[in-house]
Amino acid sequence: MTDEPPRPPWQMDWTKQAQHDFQNMPAEGSDLIMSARAELITAEDPYYRGIDADASLPHWMTVRPLNSTSPGGPHIVDLAGGRGWLIHTFMRRHADPQIVVTETFWA
């Protein structure tokens, strides 16, 4: 056992509704959701905090707090200029940190 904090790749869990919505979206949307998932689980900080912290993300993806008054709470990943999104919360537990997806959407 080590005292070093856990590092990526992070575990990702989905609420039943988010999983259902993901499974029923068109391929274009689900492909972008899966690409966003790959970015999130491998990021040092899935919230991409700080100035230019998300500069390495693809041009079609941005990450920001869902509420500006809660920077440690749920975050939204905007996809393709707002055509879709993924809402997630990063739970930084020492033994088992994970990302929980609570909503997926594609228009």
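Begin by selecting β1 and β5 in this predicted model: the two strands pair in the parallel sense, over 4 bridges. Within this pairing, select Trp14, whose bridge partner in β5 is Val101. Then select Met12, which stands opposite Ile99 in β5.

Stay with β1 and display its side chains. Which residues form its covered face, and which its uncovered one? Met12 and Trp14 belong to the covered face, whereas Gln11 and Asp13 belong to the uncovered face.

Next, extend the selection to the whole sheet. Its 5 strands are arranged in the order β1-β5-β4-β3-β2, the sheet is open, and the pairing is mixed. The edge strands are β1 and β2, each of which pairs on one side only. On average, neighbouring strands of this sheet are turned by 30° against each other, direction ignored. As general background, strands of a sheet pair through backbone hydrogen bonds, in either a parallel or an antiparallel manner.

Now add the helices. Select α1, residues 16–23; this helix packs on the sheet and touches β1 and β5. The direction of α1 makes about 45° with that of β5.

Proceed to α2, residues 27–42. This helix lies across β1, β2, β3, β4 and β5, and runs at about 160° to β5. Measured lengths are not at issue here, but the computed span may be checked in the viewer: α2 has 16 residues and reaches 23 Å from its first C-alpha to its last, close to the 22 Å expected at 1.5 Å a residue.Colour the buried residues of α2: Gly29, Ser30, Leu32, Ile33, Ala36, Leu40 and Ile41. Why do they lie on the same side of α2? They cover an arc of only 165° around the axis, and therefore share one side of the helix. In general, an α-helix has 3.6 residues a turn, so residues three or four places apart point the same way.

To see what this side meets, display the partners of the buried residues of α2: they pack against β1 (11–14), α1 (16–23), β2 (61–65), β3 (75–79), β4 (84–91) and β5 (98–106).

Finish at Ser30, which is placed in α2. Is Ser30 buried or exposed? Its relative accessible area is 15%, and because the cut-off for a buried residue is under 20%, Ser30 counts as buried. Select Phe22 and Met25 as well: leaving aside the neighbours of Ser30 within four places in sequence, Ser30 is in contact with these two residues.

Terms used. Residues numbered from 1 in each chain as written. Predicted model: local features only at pLDDT ≥ 70, side-chain atom pairs only at ≥ 80, totals over all residues. Heavy atoms only, no water. Buried < 20%, exposed > 50% of the residue type's maximum accessible area, 1.4 Å probe, protein only. Contact = heavy atoms within 4.5 Å. Expected span 1.5 Å × (residues − 1). Arc of directions from axis to C-beta. Pairing = 2+ DSSP bridges. Axes fitted to C-alpha atoms, helices over the stretch in contact; angles between N-to-C directions.
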